[in-house]
Amino acid sequence: AIVDAPVAFWHWINETTEKRSELLLENNRLKTERLLTQARLQRYAALEAENARLRAMLEATGRMRDRVRVAEIMSVSPNPFRHSIVIDKGTRDDVYDGQAIVNADGVVGQIMNTGLLSAQGLLISDPDHALPVEVNRSGLRTIAVGTGEYDRLDLPFLPNNADIKEGDLLVTSGLGGAFPAGYPVAV
């Protein structure tokens with residue numbers, strides 16, 4: 001036993017050291033996994049909030065009181081400084097001034113002048129048009145203003161620290177009552 005004691009002690013030290021290093025490696029691995037899990041949880045919390053907002057928007061669009069009218073564009077204004085269209089529906093078809101114009105992609109414009117058989121609409125890209133919008137991801141509300149370019153809107157009323165990122169979906173906020181809430185406006 002006395003002769004074997006130094007060898008047994010040496011094996012015990014090696015075993016303890018190996019176990020300690022294995023425990024340190026496992027501890028570092030678990031810390032990394034915990035950080036990754038926390039990052040996923042934060043993403044899930046954001047997705048959960050977005051899901052709640054989407055459910056609220058679905059309820060809001062389900063309560064929309066106006067019936068849908070399918071219209072065709074009769075003409076487009078050739079004036080490069082005025083983005084307007086004329087549609088083939090008018091007061092006879094229950095179209096009214098201020099009514100939203102929506103297509104399959106989202107909000108297009110707003111009826112500005114209604115006649116008996118036709119109506120003139122102003123597109124959201126017109127520099128004289130503005131509409132209340134909400135950032136779908138964060139719920140931030142602002143005003144989108146037409147720029148005179150068909151593929152670009154401006155958001156001039158945002159503070160420097162606004163929670164908005166490239167790729168965020170802008171939807172109508174429903175404020176003001178002219179546009180129903182939850183319809184896509186821009187990305």
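This is a short tour of a predicted model, moving from the whole chain to a few places worth selecting.

**Whole chain**

Start with everything displayed as a cartoon. The protein holds one helix and ten strands. Colour the chain from the N terminus onward: the helix comes at the start of the order, and the strands follow, in the pattern α-β-β-β-β-β-β-β-β-β-β.

Next, turn the C-alpha trace to view it along its principal axes. The spans are about 115 × 35 × 25 Å. The radius of gyration of the protein is 30 Å, whereas a compact globule of 187 residues would have one near 16 Å.

**Surface and contacts**

Switch on the surface. The accessible area of the protein is about 13,000 Å², and carbon and sulfur atoms account for 57% of that area. Buried residues are 24% of the 187 residues.

Colour the charged residues by sign. The protein has 20 positive and 25 negative charges, and the mean positions of the two sets lie 5 Å apart. If contacts can be drawn, consider those between residues at least 6 apart in sequence: 46% of them link residues at least 24 apart.

**Strands S3 and S4**

Select residues 100-103, which are strand S3, and residues 106-114, which are strand S4. The two strands pair in the antiparallel sense, with four bridges between them. A hairpin of two residues connects S3 to S4. For one bridge in detail, pick Val102 and look across to S4, where the bridge partner is Val107.

**Asp94**

Go back along the chain to Asp94, in the loop between strand S2 (84-87) and S3. Check its backbone: phi is near 65°, a positive value in a residue that is not glycine. Is Asp94 buried, partly exposed or exposed? Its relative accessibility is 43%, so Asp94 counts as partly exposed.

**Glu134**

Finish at Glu134, in strand S6, which covers residues 130-135. Is this residue buried or exposed? Glu134 counts as buried because its relative accessibility is 15%, and the cut-off for buried is under 20%.

To see what surrounds Glu134, leave out its neighbours within four places in sequence and show the other residues in contact with it. Arg53, Gly139, Leu140 and Arg141 are among them. Leu169, Leu170, Val171 and Ser173 are also in contact with Glu134. Display these side chains together with Glu134 as the last view of the tour.

Note on methods. Residues are numbered from 1 along each chain as its sequence is written. This is a predicted model: local features need pLDDT of at least 70, side-chain atom pairs count only at pLDDT 80 or more; totals for chains, interfaces and linings use all residues. Side-chain values use heavy atoms; hydrogens and water are left out. The radius of gyration is taken over C-alpha atoms; the globule rule is 2.2 Å times the number of residues to the power 0.38. Buried means under 20% relative accessible area, exposed over 50%, partly exposed in between (1.4 Å probe, protein chains only). Contact means heavy atoms within 4.5 Å. Accessible areas come from the Shrake-Rupley method with a 1.4 Å probe; for residues, only the protein chains shown count as cover. Lys and Arg count as positive and Asp and Glu as negative; His and the chain ends are not counted. The place of a charge is taken as NZ of Lys, CZ of Arg, CG of Asp or CD of Glu. Two strands pair if DSSP finds at least two bridges between them.
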